[in-house]
Amino acid sequence: MPPPQRTFVRSEFSPALPPPLNVAGPFAWVRANLFNSVLSSILTLLSIAFILWITPGLVRWLLIDAVWSAPDGDACRAPGAGACWAYVRAKITFFTYGAYPRDALWRVDLTLVMGAGLAMWLLWPDWPRKGIAAVLFFAIYPVVAFILLHGMGDGSRAVVNAAANAFNSDVLRDVARNSLPIIGTHLWGGIFVSLLVATVGIVVSLPMGVLLALGRQSRAPFIRFFCIVLIEVVRGVPLITVLFMANTMLPLFVPDAWTPDRLMRPLIGVALFASVYMAEVVRGGLQAVPRGQHEGAMALGLSQSKMMRLIVMPQALTIVIPGIVNSFIALFKDTTLVAIVGVFDFLRAIDTQRLDPAWNGPTISTTGYAFAAMFYFVFCFAMSRYSLMMERRLAHGRKR
Amino acid sequence: MTDADLRSRASAHVVAIEMRDVHKWFGRFHVLRGIDLTVNRGERIVVCGPSGSGKSTLIRCINRLETHQRGTIVVDGRELTDDTKRTDEIRRDVGMVFQHFNLFPHLTVLENCTLSPIWTLGKSQKAATETAMHFLERVRIPEQAHKYPLQLSGGQQQRVAIARALCMSPKIMLFDEPTSALDPEMVKEVLDTMVSLAKDGMTMICVTHEMGFAREVADRVAFIDNGEFVEINNPEEFFAHPRHDRTKLFLSQILR
Ligand SMILES: Nc1ncnc2c1ncn2[C@@H]1O[C@H](COP(=O)(O)OP(=O)(O)OP(=O)(O)O)[C@@H](O)[C@H]1O
Ligand SMILES: [Mg+2]
């Protein structure tokens with residue numbers, strides 16, 4: 001009799017073995033990405049060498065040797081001292097608000113906080129009721145911001161009074177009575193003016209750019225001609241020239257009483273300049289939408305305007321998000337040019353303070369500019385990340 | 001005359017599409033050369049012909065995606081003119097299915113179907129969704145309603161396109177080679193949908209080279225070459241006894 005057969009049946013799966021080192025894991029990643037060819041290896045080594053060369057000095061200057069707090073410039077003038085952050089701390093109010101009256105800074109703060117809140121509401125994809133946010137941001141907020149920042153003259157007091165009567169609101173009546181004193185734009189300055197110029201440019205340029213791009217394709221010859229001329233003329237001229245023209249020529253064309261404020265003129269110039277660039281970006285998007293989309297929409301009986309609004313424009317704008325954000329980033333940095341026509345923006349604020357005798361020293365200018373660089377970088381990098389995120393979210397329609 | 005007489009008479013004479021001596025030029029190129037065609041309500045016409053013969057142009061003239069330069073086209077009693085408002089109205093009554101689907105990629109399948117009913121017919125969201133789901137069920141893809149078009153197969157996309165057109169409750173449906181961009185295994189699902197539509201009495205003009213489909217549902221088959229109708233006949237005659245040499249040649253090429 002044969003012995004009973006012993007059979008062995010596993011009751012569980014054997015655990016999966018980890019992949020060999022050269023397939024996955026950091027080692028494989030390094031090999032696949034940094035040393036996958038001779039050229040790539042050389043470039044990797046060069047990059048590492050560059051980083052090793054630049055980092056220690058930078059870290060020492062920015063952090064280790066930096067002067068973090070000091071009552072005046074003495075400590076920063078010591079030999080071997082790094083960045084003078086004490087100076088930035090001492091001047092931060094001026095950098096942020098310029099010469100805006102110190103007892104009224106809350107008005108700027110409130111404006112900035114409201115703007116940031118509304119912008120978040122608009123930009124954050126999952127937050128509901130974008131329609132309300134858009135109305136608040138594009139229609140209500142500019143008026144409120146203007147009244148807050150500039151104060152109430154007779155005109156705006158009348159408006160607030162009318163609103164108070166219309167809504168029968170005591171709060172608004174109070175506001176009208178204890179009216180905000182007017183603070184002229186010659187006192188405005190610093191980061192808040194830079195943000196103001198950039199925001200106005202961004203908020204105006206997107207809708208204006210869309211309109212100009214549509215106008216450029218319009219079947220009505222006059223509209224088309226006007227848009228083409230405007231776009232090509234403004235685009236063919238440097239921003240500085242546009243700013244100078246806005247500054248010196250606007251007053252020639254409009255009656256004295258209407259002459260825009262000295263901050264308003266560059267704002268108009270920047271907005272115009274940004275709009276024509278945006279128009280060209282949007283036009284690129286419009287052309288990238290396939291003809292079949294127009295036909296599909298028309299065959300369903302959608303009118304020309306509904307087709308544009310519901311079908312073509314959403315796709316066109318999605319396609320050109322990188323271009324739009326690129327324009328915004330360029331615009332944000334270009335706002336520094338308004339300093340040339342006498343607007344006291346952030347960079348100008350830094351520029352005027354570095355000669356302050358209390359702080360003057362070899363590291364002061366560099367510190368100021370490093371601070372400005374970081375400020376601009378943070379904003380631009382955030383915009384770029386945001387656009388990447390939106391691209392990925394909106395890609396669902398185009399990806400399999 | 002009795003009521004029944006009147007009715008039968010009315011329906012016998014209701015003309016869905018009437019094309020009289022339609023000419024069209026692209027620049028100097030004479031694409032359509034005197035097209036005469038009368039399509040009665042409920043009639044199914046299949047149009048075939050060699051590439052570049054003007055089939056797409058012909059069918060696109062009917063909902064004015066192309067404008068004709070001579071002759072008249074009357075759709076459901078209304079003549080096509082430069083009046084864009086009337087054109088939009090006519091387009092709402094004339095569904096069109098394209099070779100490349102032309103679905104809106106930024107909208108879900110359901111939104112594709114409800115968009116025009118909501119924006120042009122003024123339907124409520126709820127009513128439009130109900131209609132859309134009804135037709136998506138009819139083309140047998142209700143479960144895809146919340147996907148985006150590019151997540152579907154070609155055959156599914158084309159069925160969505162048909163459902164989208166049906167959501168407008170069109171009186172006439174135009175098909176421009178609806179199956180020729182599809183892989184062979186997907187052709188049948190689209191053709192089945194079209195056959196069932198034809199069985200329901202929809203007025204249809206189909207540009208297609210699916211001769212099995214033509215045999216099964218067409219009331220008449222039209223052969224177009226060089227922008228002219230060479231031969232129009234019922235399918236039995238058309239396939240069994242083509243009269244013209246060009247038709248014979250064409251049939252021998254595509255039937256093989
Ligand atoms: N927009 C246009 N501009 C100029 N010529 C055109 C245009 N559209 C079509 N044509 C020309 O008109 C002719 C007829 O085109 P049409 O698309 O109607 O042909 P078709 O019969 O549908 O061909 P196919 O079977 O390849 O789809 C072709 O020679 C084509 O080159
Ligand atoms: Mg064709």
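**Exercise 1.** Determine how many helices and strands chain A contains, and decide whether chain A is a compact globule or more spread out than one.

*Solution.* In this predicted model, chain A holds 17 helices and zero strands. The next step is to set its radius of gyration, 29 Å, against the 21 Å that the globule rule gives for 400 residues; the value found is well over the rule, so chain A is more spread out than a compact globule. The box filled by its C-alpha atoms, taken along the principal axes, is roughly 120 × 75 × 50 Å. Turning to the contacts in chain A between residues at least 6 apart in sequence, one finds that 67% join residues at least 24 apart.

**Exercise 2.** Describe the surface of chain A and the charged side chains that it carries.

*Solution.* The accessible surface of chain A comes to about 23100 Å², and carbon and sulfur atoms account for 70% of that area. Of the 400 residues in the chain, 40% are buried. Counting charges next, chain A has 33 positive and 20 negative side chains, with 12 Å between the centres of the two sets.

**Exercise 3.** Locate the largest nonpolar core and identify the helix that gives the most to it.

*Solution.* The largest nonpolar core comprises 88 residues, and those with the most contacts inside it are Ile311(A), Phe346(A), Met19(B) and Ile205(B). Helix α17 of chain A, residues 364-394, gives the most to this core, with eight residues. A second, separate core has 48 residues, among them Leu152(B), Leu166(B), Cys167(B) and Met194(B). To look at Phe346(A) in detail, leave aside its neighbours within four places in sequence: its contacts then include Phe95(A), Ile191(A), Phe371(A), Phe375(A) and Tyr376(A).

**Exercise 4.** Establish whether Glu280(A) is buried or exposed, and which residues are in contact with it once neighbours within four places in sequence are left aside.

*Solution.* Glu280(A) belongs to helix α12 of chain A, which spans residues 264-288. Its relative accessible area is 14%, and because buried means under 20%, this residue counts as buried. With the sequence neighbours left aside, Glu280(A) is in contact with Arg216(A), Ile231(A) and Arg235(A).

**Exercise 5.** Explain why helix α2 of chain B is described as largely enclosed by the rest of the structure.

*Solution.* Helix α2 of chain B covers residues 55-62, and seven of its eight residues are buried, so the helix is largely enclosed by the rest of the structure. The buried residues of α2(B) include Lys55(B) and Arg60(B), as well as Leu58(B), Ile59(B) and Ile62(B). Just after α2(B), Arg64(B) takes a positive phi of about 60 degrees.

Key: Residues numbered from 1 in each chain as written. Chains lettered and ligands numbered in written order. Predicted model: local features only at pLDDT ≥ 70, side-chain atom pairs only at ≥ 80, totals over all residues. Heavy atoms only, no water. Core = buried A, V, L, I, M, F, W, Y, C linked by side-chain atoms within 4.5 Å. Buried < 20%, exposed > 50% of the residue type's maximum accessible area, 1.4 Å probe, protein only. Helix = DSSP H or I, 4+ residues; strand = E, 2+ residues; numbered from the N terminus. Contact = heavy atoms within 4.5 Å. Rg over C-alpha atoms; globule rule 2.2 N^0.38 Å. Areas by Shrake-Rupley, 256 points an atom, 1.4 Å probe, with all protein chains shown as cover. Lys, Arg positive; Asp, Glu negative; His and termini not counted. Charge placed at Lys NZ, Arg CZ, Asp CG, Glu CD.
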